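Subject: Structure for you to look at

Dear colleague,

I am handing over the structure we spoke about, and below it I have set out what was found. Please read the notes with the structure open beside you.

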Amino acid sequence: MAEDLRTEVFKAGDIRRALTRIGYEIVEGEKGSDDFVLMGIHSRGVPLAHRIAKAIAHAGNSDRDPEDIVGELDITRFRDDRASNPPRTERETRLPSGGIEGRTVVLVDDVLYSGRTVRAALDALSALGRPAAVRLAILVDRGHRELPIRADFVGKNLPTSRRERVNVLLEEVDGIDSIVLERTMTPAS
């Protein structure tokens, strides 16, 4: 029988600080430009994008309303694993005011693993318009890339084994902010 071991690697304050730092790095990387937008990838990337936008506004790094720079991106139709996984409910894609055409788009998601979600997000973005540039902001980068994708902004690098799972819990979705690493241990024979 396998035993599950759970370790909390980030608490609410750690998540808040990481997102604030990511917000500063985005503004710095865009040289203070107001010509970037955040596109949260459903599902947990959306609340993370909203939090980053609020951190940017709170720091006084943008005159724009945080809600005006955040969009929501559904990648369901662009995933390459639809045949092998249960059907997913499609969600609404919502562009930020002013759209994405000719602007820098920062994709926001919770965990970067194989890179396949980001590939699907890039396909979904190209169906919506042509950004000037695309950047990637990730709360947790756990490694094990299958595609040549690298995050521009990372909250925490967390080396993992393929048997481990990273669970990002967010107040907006789960009622608590926490990042938990789960390990499945198989008993010695």
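M185 is partly exposed, because its relative accessible area is 37%, and that value lies between the 20% under which a residue counts as buried and the 50% over which it counts as exposed. Please keep in mind throughout that this is a predicted model. M185 belongs to strand β8, which covers residues 178-185. Although M185 and E164 are 21 residues apart along the chain, their C-alpha atoms are separated by 9.5 Å.

A good element to turn to next is strand β4, which covers residues 104-112. Is β4 mostly covered or mostly open? It is mostly covered, since nine of its nine residues are buried. Strand β2, made of residues 36-41, runs parallel to β4 and is joined to it by five bridges; within this pairing, L38 has V106 of β4 as its bridge partner. Strand β5, residues 133-141, also runs parallel to β4, and here eight bridges join the two, with I138 of β5 serving as the bridge partner of D109. Taken together with helix α3, strands β4 and β5 form a β-α-β unit that is right-handed.

The next topic is the largest nonpolar core, which contains 29 residues, and among these I26, L38 and L139 touch the most other members. Two or more residues of this core come from each of α1 (12-29), β2, α2 (45-58), β4, β5, β7 and β8. Helix α1 gives the most to this core, with six residues. L38 is therefore worth finding on your screen, as a bridge partner of V106 and as one of the residues that touch the most other members of the core.

Finally, there is the largest pocket, which holds about 930 Å³ of space. How many residues line the largest pocket, and which of them lie nearest its centre? The lining has 28 residues, and those nearest the centre are R79, R88, D109, D110 and T117. At least two lining residues come from each of β4, α3 (116-128) and β7 (164-169), and β7 gives the most, with five. Sorted by class, the lining has 12 charged, eight polar and eight nonpolar residues. D109, which you met above as the bridge partner of I138, thus appears again among the residues nearest the centre of this pocket.

With best wishes

Methods. Residues numbered from 1 in each chain as written. Predicted model: local features only at pLDDT ≥ 70, side-chain atom pairs only at ≥ 80, totals over all residues. Heavy atoms only, no water. Helix = DSSP H or I, 4+ residues; strand = E, 2+ residues; numbered from the N terminus. Buried < 20%, exposed > 50% of the residue type's maximum accessible area, 1.4 Å probe, protein only. 1 Å grid on protein atoms, 1.4 Å probe; cavity = no way out; pocket = protein on both sides within 12 Å on 5 of 7 lines; lining within 4 Å. Points joined across faces, edges and corners; volume = space filled by probe spheres on them. Nonpolar A, V, L, I, M, F, W, Y, C, P; charged D, E, K, R; others polar. Pairing = 2+ DSSP bridges. Right-handed = clockwise from strand over helix to strand, strands pointing away. Core = buried A, V, L, I, M, F, W, Y, C linked by side-chain atoms within 4.5 Å.
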